[in-house]
Amino acid sequence: MQTLSGRHSIVSRRHLIPLIAGSVAVVVLVGGAIATMNMGSDDPKTVAAVDAPRSPQDRADRGERPSPSAEPSSSPAQVLESVPVTASPTPSRTPSKSPSKTPSKTPTTKAPAEVTSSGECEVSYYADGQKTANGENFDPNGLTAAHKTLKFNTIVRVTNLANGKSVDVRINDRGPFVAGRCIDLAKGAFVKIASVSAGVIDAKYEVLK
């Protein structure tokens with residue numbers, strides 16, 4: 001009986017050793033799994049510390065280049081503010097030209113012709129003739145006259161003493177050959193200062209230069 005009990009105790013001890021070892025292994029495995037789970041859990045502080053963006057200065061200190069995606073993109077408002085606004089030029093008003101006033105033409109007054117000689121005599125008129133003494137065709141309506149000695153183309157002013165009317169004529173013929181008369185006017189010149197019915201008038205003549 002004692003021998004059997006000793007054998008049984010030896011046998012039971014042999015069976016306990018594997019059980020104890022297995023239990024220890026199970027405990028170790030369970031503990032490792034729990035530790036692994038704890039390590040895998042997200043600690044906000046740790047994650048924040050890991051995920052916190054590093055400044056370009058920190059990266060430069062560590063020899064790292066900041067990635068383009070890490071740079072904050074400029075908002076549209078900032079882009080608009082950075083673009084210089086050029087003021088549109090205001091068109092200058094072109095001064096309207098005031099209409100220039102055309103100066104009124106002042107009638108020019110001819111300087112009085114210089115008189116080289118003058119006198120008074122009877123003046124008549126004639127309306128017939130073909131050629132004048134200087135070879136022109138006689139024009140009874142022209143402002144011409146005949147004189148005995150004055151050069152051809154001399155200008156003579158004849159003034160009617162009765163009414164003060166005067167006319168300038170050009171000498172292109174010879175005459176009159178009647179005593180007391182010094183100038184014979186073409187009919188066209190005579191009617192400027194007197195009536196044809198008068199025939200002969202007392203007049204003043206002035207030879208103009």
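## Exercises on a predicted protein chain

At 27% relative accessibility, Glu-136 counts as partly exposed, because buried means under 20% relative accessible area, exposed means over 50%, and partly exposed lies in between (1.4 Å probe, protein chains only). The model used in these exercises is predicted, so that local features need pLDDT of at least 70 and side-chain atom pairs count only at pLDDT 80 or more, while totals for chains, interfaces and linings use all residues. Residues are numbered from 1 along each chain as its sequence is written, and side-chain values use heavy atoms, with hydrogens and water left out.

**Exercise 1.** Describe the order of helices and strands in the chain, and state what share of its residues is buried.

*Solution.* Begin with the elements, which are DSSP runs numbered from the N terminus: helices (H or I) have at least four residues, and strands (E) have at least two. The chain contains 5 helices and 6 strands. Read from the N terminus, they follow the order α-α-α-α-β-β-β-β-β-α-β. Next, take the burial of the chain: of its 209 residues, 20% are buried. Finally, turn to contacts, where contact means heavy atoms within 4.5 Å. Among the contacts in the chain with a separation of 6 or more, 71% are between residues 24 or more positions apart.

**Exercise 2.** Find which residue is the salt-bridge partner of Glu-136, and then go through the other salt bridges of the chain.

*Solution.* A salt bridge is a side-chain nitrogen of Lys or Arg within 4 Å of a carboxyl oxygen of Asp or Glu. By this rule, the chain has 3 salt bridges.

1. Glu-136 meets the side chain of Arg-170, with an N to O distance of 3.0 Å. This pair links distant parts of the chain, since Arg-170 lies in strand β4 and Glu-136 in the loop between β1 and β2, 34 residues apart. Arg-170 is partly exposed, at a relative accessible area of 25%.
2. The side chains of Arg-157 and Asp-168 come together in a salt bridge of 2.8 Å, N to O. Here too the pair links distant parts of the chain, with Arg-157 in strand β3 and Asp-168 in strand β4, 11 residues apart. Arg-157 counts as partly exposed at 26% relative accessibility, and Asp-168 is partly exposed with a relative accessible area of 34%.
3. Lys-204 forms a salt bridge with Glu-206, and their closest N and O atoms are 3.9 Å apart. Lys-204 is partly exposed at 33%, whereas Glu-206 is buried at 18%.

**Exercise 3.** Work out which strands pair with β3, and in which direction they run.

*Solution.* Two strands pair if DSSP finds at least two bridges between them. Strand β3 (residues 155-160) is joined by 5 bridges to strand β4 (residues 166-173), and these two run antiparallel. Within this pairing, Thr-159 stands opposite Ser-166 in β4. The hairpin of β3 and β4 has 5 residues between the strands, and in this hairpin Gly-164 takes a positive phi near 80°. Now look at the other partner: β3 is joined by 6 bridges to strand β6 (residues 201-208), again with an antiparallel course. There, Ile-155 has Leu-208 in β6 as its bridge partner. A general point helps when you view such strands: in a regular strand the side chains alternate between the two faces of the sheet.

**Exercise 4.** Locate the disulfide of the chain, and decide whether its cysteines are buried or exposed.

*Solution.* A disulfide is a pair of cysteine sulfur atoms within 2.5 Å, and by this rule the count is 1 disulfide. The bond joins Cys-121 to Cys-182, with a distance of 1.4 Å from S to S. The two residues belong to distant parts of the chain, Cys-121 to strand β1 (residues 115-126) and Cys-182 to strand β5 (residues 181-186), 61 residues apart. Compare each value with the cut-off for burial: Cys-121 is buried, with a relative accessible area of 14%, and Cys-182 is buried, with a relative accessible area of 14%.

**Exercise 5.** Describe the surroundings of Thr-144.

*Solution.* First place the residue: Thr-144 is in strand β2 (residues 144-147). Then check its accessibility, which is 9%, so Thr-144 counts as buried. Last, list its neighbours, leaving out residues up to four places away in sequence: Thr-144 touches Asp-139, Val-169, Arg-170, Asn-172, Leu-185, Ala-186 and Ala-189. One of these, Arg-170, is also the salt-bridge partner of Glu-136 from the second exercise.
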